[in-house]
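Subject: A structure to look through

Dear colleague,

Here is the structure that I promised to hand over to you. Please open it beside this message, since the notes underneath are meant to be read with the model in view.

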Amino acid sequence: MDRSSTGVSWSRCVDSNRAILRHKSVHIRVIDVGIRYPAEWHKTFAMLLYAGCSLLLSSSVIVFVNSWSSAKHVLSPFPDLIPTYIGHADWIFKASEVSSLVLLILWSIQWFLLRYKSIVGRRFLFIIGTLHLYRTLTIYGTVLPVPSSDMTCEEKLNGDWKLLLKQTLKLVSTGGFFQRSPTLCGDYVPTGQTAGLILTYMFIKAYSPGKFWVYHLLCWFLCVMGAASVMFTHITLLLDVIAAYFITTRMFWWYHTLANNQCLKIPSPHNYLSRIWWFRIFVFCEENVMGTIPLSYSWPNISISPIIFSCRKQNIPLA
């Protein structure tokens with residue numbers, strides 16, 4: 001065999017091996033984190049609008065119900081365990097206010113440091129807005145008597161639209177959940193104060209590492225102290241607190257179960273969770289989020305070097 005034939009056979013062998021390798025090569029697809037967990041701030045702003053409209057609606061209904069509430073001398077309060085054995089104390093309401101404020105500040109700082117704050121933020125806003133809608137239905141549907149004879153309601157509207165606007169804006173300014181004074185009658189089932197405390201605590205615990213058990217224990221204590229303080233001031237019933245716990249926890253668990261399982265985001269005859277009335281809103285928020293969000297934190301990266309360079313280029317003194 002001459003050299004030319006040997007060279008041709010060798011080149012054919014090399015080409016065949018390349019074809020085999022090209023055919024059996026494994027293609028590894030690397031998915032960018034930004035693609036798996038897109039920020040989509042426009043959806044977050046949409047949920048902010050949704051929560052704001054729900055808050056405005058529930059606040060207006062609470063003010064109207066306050067005018068419809070029967071005077072304490074007309075209907076006696078329902079018998080309840082807490083007012084029966086514990087006396088009235090107005091100063092305890094301050095403990096509920098402090099607990100709500102501290103939990104809200106802690107959650108705001110934690111949310112600000114989250115890497116995927118846009119996704120977590122719209123989850124928080126969506127659940128808040130939906131809870132406000134539930135409260136609107138329950139408060140408007142059943143007007144209960146005042147929980148205690150020691151409670152004095154706000155003045156009734158009597159067709160005064162300025163007073164309606166004033167009381168509504170006052171309630172909106174507190175977020176609907178964190179009230180400043182226990183004077184609006186009718187805001188009972190479920191109690192907004194307890195729902196806000198429970199929801200804030202659940203988000204704090206869910207989006208922080210499990211090894212921060214001291215931090216979780218502190219937040220749990222603030223949540224329990226706030227809920228107990230609401231009952232001790234006789235502005236709500238024990239039934240209202242239980243209803244707030246049940247509705248808030250189920251809403252949180254249902255949403256995050258759907259969000260953490262891709263198969264549950266697809267409606268099907270066997271996916272009964274897809275029959276919830278807010279499922280389409282959920283899909284709008286979570287359709288592009290691929291799986292469970294990792295607990296990742298990042299400090300906002302604000303670089304001042306371009307500003308300093310621009311100032312030096314224009315000979316502007318920095319001090």
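A crossing of two helices is called right-handed if the near helix is turned clockwise from the far one by less than a right angle, and left-handed if the turn is anticlockwise. With that in hand, you can look at helices α8 and α10, where α8 passes α10 in a right-handed crossing. Please keep in mind throughout that this is a predicted model.

Two packed helices are described by the angle between their axes and the distance between the axes. For helix α8 (residues 192-206) and helix α10 (residues 238-259), the axes come within 9 Å and cross at roughly 35°. On the α8 side, the contact is made by Thr194, Ala195, Ile198, Leu199, Met202, Phe203 and Ala206, and on the α10 side by Val241, Ala244, Tyr245, Thr248, Thr249, Phe252, Trp253 and His256. If you sort the residues of this contact of α8 with α10 by character, you find eleven nonpolar, four polar and no charged.

Leucine 238 also lies in helix α10, and at 27% relative accessibility it counts as partly exposed, because the partly exposed class begins where the buried class, under 20%, ends. The C-alpha atom of leucine 238 is separated by 9.4 Å from that of alanine 228, and these two residues are ten apart along the chain.

It may help to step back to the whole chain. The secondary structure of the protein chain comes to twelve helices and zero strands. Of the 319 residues in the chain, buried residues make up 42%. Among contacts between residues at least 6 apart in sequence, 82% join residues at least 24 apart.

Three further helices are worth following one by one. Helix α6 (residues 117-141) has 25 residues and reaches 36 Å from its first C-alpha to its last, which is close to the 36 Å expected at 1.5 Å a residue. Because 19 of the 25 residues of α6 are buried, this helix is largely enclosed by the rest of the structure.

Helix α7 (residues 161-173) has 13 residues, which at 1.5 Å a residue should span 18 Å, and its end C-alpha atoms are indeed 18 Å apart. Which residues of α7 are buried? They are Leu163, Leu164, Gln167, Thr168 and Leu171, and because they cover an arc of only 125° around the axis, they are on the same side of α7. Trp161, Lys162, Leu165 and Lys166, by contrast, are exposed on the other side of α7. After α7 comes glycine 175, whose phi is positive, near 85°.

Helix α9 (residues 213-232) has 20 residues and reaches 28 Å from its first C-alpha to its last, close to the 28 Å expected at 1.5 Å a residue. The buried residues of α9 include His216, Cys219, Leu222, Cys223 and Gly226.

Some of these names return around leucine 103, which has its place in helix α5 (residues 92-113). Leucine 103 counts as buried, since its relative accessibility is 0%. Not counting residues up to four places away in sequence, leucine 103 touches Leu197, Thr200, Ile204, Cys219, Leu222 and Cys223. Although leucine 103 and isoleucine 204 are 101 residues apart along the chain, their C-alpha atoms are separated by 8.6 Å.

Finally, two residues in loops deserve a look. Tryptophan 277 is found in the loop between α10 and α11 (279-286), and with a relative accessible area of 49% it is partly exposed. Leaving aside its neighbours within four places in sequence, tryptophan 277 is in contact with Tyr50, Thr130, Leu133 and Tyr134.

Glutamate 40 has its place in the loop between α2 (33-36) and α3 (41-68), and with a relative accessible area of 15% it is buried. Most residues other than glycine have a negative phi. In glutamate 40, however, phi is near 50°, a positive value in a residue other than glycine.

With best wishes

Notes
Residues are numbered from 1 along each chain as its sequence is written. This is a predicted model: local features need pLDDT of at least 70, side-chain atom pairs count only at pLDDT 80 or more; totals for chains, interfaces and linings use all residues. Side-chain values use heavy atoms; hydrogens and water are left out. Axes are lines fitted to C-alpha atoms, for helices over the stretch in contact, and angles run from 0 to 180 degrees between N-to-C directions. Helices (H or I, at least four residues) and strands (E, at least two) are DSSP runs, numbered from the N terminus. Contact means heavy atoms within 4.5 Å. Ala, Val, Leu, Ile, Met, Phe, Trp, Tyr, Cys and Pro count as nonpolar, Asp, Glu, Lys and Arg as charged, and the others, Gly among them, as polar. The expected span of a helix is 1.5 Å times one less than its number of residues. Buried means under 20% relative accessible area, exposed over 50%, partly exposed in between (1.4 Å probe, protein chains only). The arc is that of the directions from the helix axis to the C-beta atoms.
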